[in-house]
Amino acid sequence: MPRWGMVIDLARCVGCYACTIACKVENGTPPGVWYAPVYEREVGSYPTAKRLFLPTLCYHCKNPPCMKACPTKAISKREDGIVLVDREKCCGSRACVAACPYGALTFVDEIKGEFGDELNPWERARYPQDGVGTVHKCTLCSHRIDEGNHEPACVQTCPTHCRIFGDLEDPGSEVSKLIRERNGAQPRPEAGTDPSVYYLR
Amino acid sequence: MAAVTNPFTAGTWIMEPKPQNFWGVPHTSWFFAMGVGGALFINRVLFGIELGRILGMTVADLLGMILIGIGGLILIGDLGKPLRVLRALLNPRTSWISVGAIADFVFLIFAGLWVIADLEWQGGRPLAGLPWAGNSPLGIAFQVIAAAAAFIVIVYPGLVLAASPSIPFWNTTLIPLQFLSFAFASAVGLALIFALWLPVPPALLTAWASAEILLLAVTLLLFVAHLLQGTASHATAKVAVTRLLKGELHVPFVWGTLIAGLLLPLFLGLYGAYAASPAPGLLALSALLALPGNWLSKYTVIKAGNYAPFL
C-alpha cells in the first residue's frame, strides 16, 4: 500500500500562489478557507535582504493529533495515509483545530459569497452545502487520486515543479529519492506527528 | 525543551507565533461551571458540605448538577452542529472531550438519581423507597460513581488543553492541576459565602477557611510554576507568558487573576480566619473575589495560547 506524500522544494518556489488558487478552484473552498496557503516573509536587510516563500497544506501525518482529539471519530486516516474529515460526522467541537500543530484545519461558521452575501451560480454549485458548522481541510485531492493516478491540483499546477507528489513507501519514487539525497525535513518533528510532507532547502 | 530552530532557514522563522482564536468566553464559562459544579458535589460526598437543603435535597448537589448542566449546555451551544452532540461520546480512547462528555452524562444520571430520592413533598418522602435512597449500598455506589465522574468533569477541560501539541503554553499538566485546585477553592468559597446565612459553628468555619487558604495558595503556586515553565521551555510559550504579564492580557491576568482573584482572597482569608475570631463577612468576601478570579484565570490561559511557528 502506498503512503502518499509530498516534497516541497523551497529553492524552486517563486511565490506565484498558483498552487493556492488551483486548490481553491479544484476543491471549491469558500472564502476564508485555504487548503494550500503560501506564507511569505522578508528576511535580512539591504543588501542581503531576501524573500522566503513557504507553500503549505495539511501534512497528512502518520500520527495525526487531529484524529486523536476528534470526539466524534469524524477524522480518519486511509490506508494510503491520507487524513480526511467526514463532515457528515463532524460536530464542530474544534478540538482538532486546537490539536493540529500546523494550523491545517479551518472551522467554517458561515459560507458567504466572494462578492456579497448571496452566492453566485458557480459558488452555489461548488461550495460544500453541508459545510457550515464543520471543519474543513486539505484532502490531498483524494478524489483525483482515487480516479486513477492523478496528482493533487496544487502539484499539477505548480509552474516551477516545486511541489512533488509521490509514494513515500517506494524507495525508488522521486519523492523518496529527493528526501534521501537532499535531506528532506519534516515540519515540527518534535511534535511527534510524522508528517507526510517534507521540505527541501 | 531546548529552543527549536527552523530547519529550513537555519533559525529564521517564516511564521510568527499565532494566537488561537477559536476558543474564548463560551469555553471559559463551560470550564468554570463544570469545575465548580464537580467540586461542590465531591465536597458534599467527602466532607459533608451540604450548604442547606431545598425540598429535602442538598443544595450542594443541586447546585453542582445545575452548574454542570449549564456547562454542558454551553458546550452543546458552542458546537458547530449541536444536534450531533451524542456523537461526541464515540471516541473516549483518545479524545478528552469524548471522555468528558461521557463523564458529564454519567454524573448527571447518577447524581440526579441519588439526589431525587431525598425529595420531600407535602411532608413526606415519596421516593424514599427507591433501592438507592439514602446511604444504602446502592446509594453509596451511585455517589461513588457520580463523584468519580465529577472528578473527571473537573479535570478534563484542562486535559483537553494539556494534550494539545500545537500550543506549547497549554501543553503542560500544570493546567489540569490549576483547574482542579481552583475548582475546589471556589467550591469551598461558596460554602464560606453560604455560611453567612447558615448556622455554621466557628470551628467548622475556620476549617473551611483553612482549606480555602491552602487551595488558593496551591493554585497561586501552580500559576507561578506555569509562568516559569512557559518562560523557560519554548519560545512560543514565552510569548504567551509575555502576553499575560505585559501584553493585552495583563489586566485580566495580573490584576484580575493573580492579585484580585488569588492574593487578595488569600490575605483576606488569612485575616478573616486567624487574626481574631473567624470573621464570616471577610471570609465570604475572600471567596467572592476568588470566583471571578477563577473565571478570569481560565479565560486568560485560553486566550494566551498561541501556535508555535512550524516554518
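Let's start inside chain B, where the axes of helix 1 (residues 25-47) and helix 9 (residues 280-304) come within 9 Å and cross at roughly 135°. Helices here, like strands, are DSSP runs numbered from the N terminus, with H or I over at least four residues for a helix and E over at least two for a strand. The axes are lines fitted to C-alpha atoms, for helices over the stretch in contact, and the angles run from 0 to 180 degrees between N-to-C directions.

Before I go on, a word on what we are looking at. This is a predicted model, in which local features need pLDDT of at least 70 and side-chain atom pairs count only at pLDDT 80 or more, while totals for chains, interfaces and linings use all residues. Residues are numbered from 1 along each chain as its sequence is written, and chains are lettered from A and ligands numbered from 1 in the order in which they are written.

Back to our first pair. Helix 1 of chain B and helix 9 of chain B are oblique to each other, given that angles under 35 degrees count as roughly parallel, over 145 as roughly antiparallel, 65 to 115 as roughly perpendicular and the rest as oblique. Their crossing is right-handed; the near helix is then turned clockwise from the far one by less than a right angle, and anticlockwise for a left-handed crossing. Helix 1 of chain B brings B:Val25, B:His27, B:Thr28, B:Phe31 and B:Phe32 to the contact, and helix 9 of chain B brings B:Asn294, B:Trp295, B:Lys298, B:Tyr299 and B:Ile302. Contact means that the C-beta atoms, placed from the backbone, lie within 7 Å. By class, this contact has six nonpolar, three polar and one charged residues. For the classes, Ala, Val, Leu, Ile, Met, Phe, Trp, Tyr, Cys and Pro count as nonpolar, Asp, Glu, Lys and Arg as charged, and the others, Gly among them, as polar.

Now, what does helix 1 of chain B do with helix 4 of chain B? Helix 4 covers residues 137-162 of chain B, and the two pack at an angle of about 150° with their axes 8 Å apart. These helices are therefore roughly antiparallel to each other, and their crossing is left-handed. On the helix 1 side of chain B you will find B:Phe31, B:Met34, B:Gly35 and B:Gly38, among others, meeting residues of helix 4 of chain B that include B:Ala146, B:Ala147, B:Ala150 and B:Phe151. The class count for this contact is 13 nonpolar, three polar and no charged residues.

A third pair is worth a look: helix 2 (residues 59-78) and helix 3 (residues 96-116) of chain B, whose axes come within 10 Å and cross at roughly 150°. That makes helix 2 of chain B roughly antiparallel to helix 3 of chain B, and the crossing is left-handed. Among the residues in this contact are B:Met65, B:Gly69 and B:Gly72 of helix 2 of chain B and B:Phe107, B:Ala111 and B:Gly112 of helix 3 of chain B. Here the division is seven nonpolar, three polar and two charged.

Stepping back, chain B has nine helices and four strands, in the order β-α-β-β-α-α-α-α-α-α-α-α-β along the sequence. Its C-alpha trace spans about 75 × 55 × 30 Å along the principal axes.

How confident is the predictor in chain B? The mean pLDDT of chain B is 92, and 95% of its residues reach 70 or more; pLDDT is the predictor's confidence in each residue, from 0 to 100. Among the elements of chain B, strand 1 (residues 18-19) has the lowest mean, 89, and helix 5 (residues 174-194) the highest, 97. The complex as a whole gets an ipTM of 0.87 and a pTM of 0.91.

On to chain A, with seven helices and nine strands. Its C-alpha atoms fill a box of roughly 45 × 40 × 35 Å along the principal axes.

Two backbone details in chain A deserve a pointer. Most residues other than glycine have a negative phi, and most peptide bonds are trans. A:Tyr17, in the loop between strand 1 (4-9) and helix 1 (18-27) of chain A, has a positive phi near 65°. The bond joining A:Tyr46 and A:Pro47 is cis, with omega about 10°, and A:Pro47 is found in the loop between strand 2 and strand 3 of chain A.

Finally, how do the chains meet? 40 residues of chain A are in contact with 34 residues of chain B. Helix 3 of chain A gives the most to its side, with four residues. That side of chain A divides into 23 nonpolar, eight polar and nine charged residues.

Technical notes:
Contact = placed C-beta atoms within 7 Å.
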